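Visitor: I am new to this structure. Please take me closely through one part of it, the surroundings of ligand 1, and then show me what lies beyond.

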Amino acid sequence: MKTVLVIGGGVTGLKASHELAQMGYNVSLVEKEDFLGGQVAKHKYYKLAPDMRLVSEVLDPVIKNVESNSNIKVLKHSTITALSGNAPEFKVKIKNSKGEAEETFGAIVVATGFEHFDPTVKQEYGYSRFKDVVTNAEVEELLNPNGPTKGELKRPSDGKIPKKVAIFQCVGSRDKQVGNPYCCRVGCVVSTKQAIEIKEKYPDTEVFVYYMDMRMFGRGWEELYGKAMEEYEVIFTRGRGAEVTLKNEQLSLRAEETIMDRPIQHSVDMIILAAGQAPGDGTIEAAKILGIKQNEYGYLAPKDDFLSPNESSKAGIFIAGADKGPLDVENCIVEGAAVAAKVASSLK
Amino acid sequence: MAENTDKMVIDGVELVGIWKEFMPSRILYEDVTTEFLDEVKKLPGGSTIARCYQCGTCTGGCTLPEFVDKFNPRGFINLVRRGHYDILVSDYKDLVWKCVSCNRCTHRCPKGVNTQEVVRAIAKFLEDRKVFGKLTNDEAFDEIFMDEVLTDGRIDEVKIVKDFYSKTGRLKDMMSGDQLSLGFKMFTSGRIKLFGGKIKDWKKVSQRLKEELQ
Amino acid sequence: MKLGYFPGCSLKGMARAYDESTKIVAEGFGIELMEVDDFNCCGALEAKGSNEKLSYMLPARVMDSAKGRFHVDAVVTPCNGCYHSLLRTNAAMNENANAKSDVISFLKDVGYGSYEGDLDVRHFLELFYNEVGPEKVKNAVKKSLKGLKVASYYGCLYERPKTITKTGYKSNRDDSENPYFQDELLAATGAEVVKFDAAASCCGGAHALQDESLSATLSATILSAAKKAGADILALPCPLCGAALDIKQPEIVKVHGNDAKIPVVYFTQLIGLAMGKSAKDLKLTDPISNPMEVLKSKGLV
Ligand SMILES: Cc1cc2nc3c(=O)[nH]c(=O)nc-3n(C[C@H](O)[C@H](O)[C@H](O)COP(=O)(O)OP(=O)(O)OC[C@H]3O[C@@H](n4cnc5c(N)ncnc54)[C@H](O)[C@@H]3O)c2cc1C
Ligand code: SF4
Ligand code: SF4
Ligand code: SF4
Ligand code: SF4
Ligand code: SF4
């Protein structure tokens, strides 16, 4: 059977769909939102680390490849509701505003991605109490010329451009208390990127990053980190943010300057929380319906992390991208291509 | 130490001779031992110490640094973990025990360290090694408190206060004006009274708990 | 829901005003409390510094008794210290199999039941906020506390540490960094609750005797912040904080001056007052810091 169902229209699902279509498969791409592009599109990311490339340069071609390919049927605003049968003849119910219909597929690719961690539970950071404590995803939108502020970093409380910005790393990641002990793997490079974007636009604004470790393992990430320090004079302080309060009506943070062995109190105009990635409800729901294994944090578990990284616990169902764990765009695209190859070889 | 007879000038004064001998070295001669870490781990509340990844969230939000210079829960953990026993004793022994149990640290620690209990365990570790040369106030208080709990099942605050002052040799402070009139006010207002103590089988419970303490 | 009431030692001693006003308030709003009258001390912070197993056994005995003898569904305590000890024991029993089996074998040895670490533990403030709430308090006001400026203080262990209190995770819990349950309840009495940024600061009470001067400094910081915020009186939900801020106040004032002088009461005393209960029943003459004077001057007693 030469039909494949791809669930999730983020970069991973888009890349997988396109590769499969190129190989002659008929692809149905199911996306629950009414747009393609996943989190990157949803939060209007503007530039991508580490090359500061415009998102449009990367995402637009990927989307175009899918939308213009006659082998791909894009079903927006759709979700799957039930699965029966086995490989290579899965019967899947797909639901959208028009109703519910059952279709048959030879293989299924799950690319349902992640969701941003909601920092409300970290009450010490005051995300729900102070307007000017924002998440990194919100900053992506603020920095986008097509976003709500036309690319100006207007702080939510009064629309002023902040003179001092602090960024807290590892919010909701590497944190046992919230149940996410793993590293979000993009927070460090994203914060470094955002710090540079802010400094480029507002050279007089000071940016302070509070971190435990700066994890710069991707291509060009370490170089970007160096650039942030050398060219943009972003101040990196080794100490995890401890609390945010109001002092004389101004946001004030506490952290330990661990290298100096002493706590610091620091007044700033805006605080960005580098909120990590968490397995989204969409991923968890898909896993339940399809009956595939999740790991202890809710991400999709490969059959074997080394030997079959794109196979789920169930034959004929494949997994790829940020639904397996935190991942950057570049590697999501690699994953999309890899899963397509795996599907093709399994359907031969 | 290697001899060095170079000339050196400090604040316009020329020093000649083996000057390195009176300039303390900044190098930390590290002989890492996990002996102390193992010991603290076994003390009450100490079991989570090895989880710490030194992020400083505890110290960043701690109640005390504002009032007690150099108080630093992350730092205490680091010293224990690296086996810097001498530094812990010489520089921090009078600080560690000052923790007021506000629990800001445990509340926020991302690694699930029970920081407040670990800090208490480090203080206890120092107490057990007798670095204070006398019974500390904490030891005295804990002993009196536990003794009272195990004997009566409940505590009587006034008795505890009295026993504490007496055990730490400060009974006369207690007999000074303020404390005494306070006690008087409480007696006359009827607040100090001995309760019935009708806890079911307390003798048996107490016996069993005492065995645990051995 | 059948509620067991665990007063703790302090409420049977120095903080009897809290015990009695809690009962008055509970009764007035139809909360039935069944006193676990054979309670033992929970061991407070001292047991956990002395012996880990013991620090679970003491609270477990109380909860076993509440469950097995009094057959309650939840146990409520007005003391931050007891609240901490009980929650901490449950957390240990649920997360650590050794702790659980230690407790179970202890209870068996002494001929008690088989408590499993599953009793719901509530703080009286949290319970009162959730089960009664500001709206009902407002409707029950007989004597408005209008004109009285109150600083609402919470202490530490009511909201921290979230590893056991589950603040931020459990919907019936207060906000750990910006607690407001008591503020809203007091505002419902007609009193003006002042903005006060030391509401969740530490009073140093745990070291009130062991480290008197530091403890007094921490307490003074809170008392003077309340005064500076314009409060006439400070209200709180814990007998241990009460000991530090009220009973120790004369000594604190001696060192830190009159900036730290402000009457201290339990929040239940103020709610009781608004319900029209008498100062005598509410034991408003008990606090060393003399709340009667300001209450009289405002015409409230
Ligand atoms: C703030 C922030 C900034 C970032 N910036 C960068 C950067 O500069 N450079 C970089 O390389 N990476 C960056 N990343 C990482 C990047 O966002 C991810 O790598 C990428 O979005 C993952 O793509 P994906 O397709 O796997 O998942 P997603 O983007 O999450 O897409 C999944 C799609 O599946 C859909 N879906 C989910 N469940 C279902 C379901 N049950 N049924 C149907 N559809 C479903 C969703 O609606 C979504 O459209 C950033 C991440 C964050 C948090
Ligand atoms: S990538 Fe950076 S911000 Fe994200 S969890 Fe890892 S260290 Fe923290
Ligand atoms: S080498 Fe690279 S990946 Fe490894 S710790 Fe250093 S920065 Fe991180
Ligand atoms: S907050 Fe926890 S992990 Fe961080 S330094 Fe303190 S004890 Fe260690
Ligand atoms: S419990 Fe002790 S170490 Fe922890 S924050 Fe409070 S004072 Fe500091
Ligand atoms: S915490 Fe205090 S009041 Fe509560 S039982 Fe223990 S000693 Fe008594």
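Guide: Here is a close look at ligand 1, followed by other parts of the model. This is a predicted model, in which local features need pLDDT of at least 70, side-chain atom pairs count only at pLDDT 80 or more, and totals for chains, interfaces and linings use all residues. Residues are numbered from 1 along each chain as its sequence is written, chains are lettered from A and ligands numbered from 1 in the order in which they are written, and side-chain values use heavy atoms, with hydrogens and water left out.

Start with the shell around ligand 1. A residue is near a molecule or strand if one of its heavy atoms lies within 4 Å of it. There are 38 residues around ligand 1. Thr12(A), Glu31(A), Ala49(A), Leu327(A) and Val329(A) come nearest. By class, 16 are nonpolar, 15 polar and 7 charged. Here Ala, Val, Leu, Ile, Met, Phe, Trp, Tyr, Cys and Pro count as nonpolar, Asp, Glu, Lys and Arg as charged, and the others, Gly among them, as polar.

Which parts of the chain build this shell? Several elements of chain A each supply at least two residues, including helix H1 (11-22), helix H5 (187-201) and helix H8 (329-347). Strand E3 (47-48) and strand E10 (114-116) are also among them. Helices (H or I, at least four residues) and strands (E, at least two) are DSSP runs, numbered from the N terminus. Domain 1 (3-113 + 280-347) and domain 2 (116-277) of chain A both give residues to the shell, so ligand 1 lies between them. The domain bounds come from an automatic or database domain assignment.

Now the polar contacts (pairs of N or O atoms within 3.5 Å; within protein, one must be able to donate a hydrogen and the other to accept it, and residues adjacent in sequence count only if both atoms are side-chain atoms). A polar backbone atom of Val329(A) is 2.8 Å from an oxygen atom of ligand 1. For a backbone N or O atom of Ala322(A), the distance to a ligand 1 oxygen is 3.0 Å. Tyr45(A) uses its side chain: an N or O atom there is 3.3 Å from an oxygen of the ligand. The protein covers 97% of the 1000 Å² of accessible area that ligand 1 has on its own. Such areas come from the Shrake-Rupley method with a 1.4 Å probe; for residues, only the protein chains shown count as cover.

Move on to ligand 2. Its surroundings include Cys170(A), Cys183(A), Cys184(A), Cys188(A) and Arg215(A). This shell divides into 5 nonpolar, 3 polar and 4 charged residues. Strand E12 (164-171) and H5 of chain A each supply at least two of them.

Next, a sheet in chain A. Five strands form an open sheet in the order E5-E2-E1-E9-E20, with parallel pairing. Two strands pair if DSSP finds at least two bridges between them. Strand E5 (72-75) and strand E20 (317-319) stand at the edges, each with a single partner strand, so one side of each is left without a neighbour in the sheet. Strand E2 (residues 26-30) joins E5(A) through 4 bridges. In E5(A), Ile72(A) is the bridge partner of Val27(A).

Last, the backbone. The peptide bond from Ala87(A) to Pro88(A) is cis, with omega near -5°. Pro88(A) sits in the loop between strand E6 (79-86) and strand E7 (89-96) of chain A.
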